[in-house]
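Visitor: I'd like to go through this one by asking how each label is earned. Could you show it to me?

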Amino acid sequence: MLWDYQQPVAIRFGNGRVREIKDVAAEMGLTEGGLLVSERLFAQNGTAERIVKDSEGAITEIFSDFSPNPDVTEVDKAAALIRDKHLKFVVAMGGGSAMDLAKSAASIALTNDSITEYHGTGKAMPQEHLPIIAVPTTAGTGSEVTCVSVLTNRALGKKAPIVSDGFFPSVAIIDPELTYSVPPHVTASTGMDVLSQAIEGYWSKGHQPICDACAIHAAPLVFKYLPIAVAEPDNAEARQKMCEASVIAGLAFTLPKTTSSHACSFPLTNIHGIPHGEACGLTLDWFARVNKDAQHGRVQEFARAIGFEDVDAMADAIHELKVKVGLRTGLKDLNLSADQIADLVRISRHPNLYNNPVEITDEMLQEMYEHLAATD
Ligand code: NAD
């Protein structure tokens with residue numbers, strides 16, 4: 001087996017470390033021209049302004065004009081601001097949406113291109129980019145340590161990741177206190193994304209030993225701490241452990257890449273508005289059962305390594321976790337028509353599907369979506 005491992009992001013983890021943004025920037029020689037891409041809540045509640053003030057002139061602009069599952073037009077707007085103000089670095093403080101927008105904007109700002117030239121077209125991103133300091137505010141995507149930027153083109157009805165080495169942030173500052181304000185349903189959904197990334201990173205065709213170890217570390221933390229973080233938003237231990245799981249699951253999947261559940265999540269989010277992590281979790285137990293005997297027993301080994309008797313027991317636990325934290329286990333309320341199910345099957349045929357260790361046929365997808373369509 002041949003494998004390469006590289007992880008270029010410096011990680012600073014712990015409560016209160018958001019206050020280190022200025023020091024981190026200074027250590028990188030960045031003393032002026034900073035853009036803070038900030039979650040709207042933090043722009044509204046004074047946190048963003050305080051960070052700008054504390055930066056003593058290093059950060060001069062705030063951009064918070066973007067939506068969850070950021071649109072390509074929002075990336076172009078952020079890039080235009082960077083160009084107009086001749087900005088030199090980007091601090092991305094928010095969930096995956098803020099960080100992914102910042103990554104793409106920090107690359108295309110050095111060109112005159114629109115991100116639409118690269119999104120879903122296969123054209124390689126320019127390698128030059130502004131330095132990024134990533135500050136996640138959800139325990140979810142792990143985007144702070146990945147080379148992925150997931151964008152949506154609402155005009156074309158397309159959601160897809162772009163992958164580029166230039167998307168790796170220079171530094172990730174993970175401050176669990178920033179996640180205390182995440183509402184329970186967002187906590188549940190983003191936490192399910194963590195579990196999906198760990199599990200899919202492990203069983204991906206691109207699996208490798210260091211990422212396997214990260215997946216085995218991250219997944220049990222989600223089973224244990226996600227219900228606590230949902231029920232008690234201020235529980236410091238649960239928030240900290242979910243942040244730990246999130247960054248380590250990010251490391252688990254960024255090189256192997258995600259697989260079937262992520263492929264199916266894109267149309268579920270795009271067409272039916274189901275939040276990203278909830279959409280991933282919806283099919284995770286189904287694919288666990290499909291993949292259970294793949295890779296000469298590796299998936300069974302994973303289930304045992306994280307404390308289950310076998311993959312079926314792990315799949316049952318994923319289902320129970322969804323029920324416990326209030327996430328969907330089916331799509332019955334959407335009253336899906338045969339045409340809508342056919343669309344889901346067709347659009348799930350995303351490149352990530354081909355990383356799945358078992359070949360997924362249209363008949364399998366049809367059966368899965370029909371089952372979900374009939375399930376509460
Ligand atoms: P998000 O960034 O879309 O945020 C979800 C909601 O929570 C938003 O309404 C946001 O305003 C709010 N929010 C965020 N932080 C908050 C806080 N601290 N307090 C209160 N509210 C807060 O959600 P996400 O799950 O973090 O990111 C999802 C996006 O990331 C999707 O587009 C997904 O496809 C993408 N993604 C990217 C990667 C990657 O490696 N780049 C990996 C997985 C998913």
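Guide: Sure, and keep in mind that this is a predicted model. Let's start with contact: two residues are in contact if their C-beta atoms, placed from the backbone, lie within 7 Å. By that cut-off, 22 residues of domain 1 are in contact with 22 residues of domain 2.

Visitor: What makes up the side of domain 1 that touches domain 2?

Guide: Strands S1 (10-13), S6, S7 (158-163) and S8 (171-174) each supply at least two residues of that side. By class, the side has 10 nonpolar, 10 polar and two charged residues.

Visitor: Which stretches are called domain 1 and domain 2?

Guide: The domain assignment gives 10-178 as domain 1 and 183-373 as domain 2. Their C-alpha centres lie 26 Å apart.

Visitor: Which residues count as the shell around the ligand?

Guide: A residue qualifies if its C-beta atom, placed from the backbone, lies within 6 Å of the ligand. That gives 30 residues, and the closest are Pro68, Gly95, Gly96, Ser97 and Ser143. Helix H5 (96-108) is one of the elements giving two or more residues, and the largest share, four residues, comes from H5.

Visitor: What is the shell like by class?

Guide: The shell has 18 polar, eight nonpolar and four charged residues. Gly counts as polar here.

Visitor: Why is the ligand said to lie between domain 1 and domain 2?

Guide: Because both domains give residues to the shell around the ligand, it lies between them.

Methods. Residues are numbered from 1 along each chain as its sequence is written. This is a predicted model: local features need pLDDT of at least 70, side-chain atom pairs count only at pLDDT 80 or more; totals for chains, interfaces and linings use all residues. Domain bounds come from an automatic or database domain assignment.
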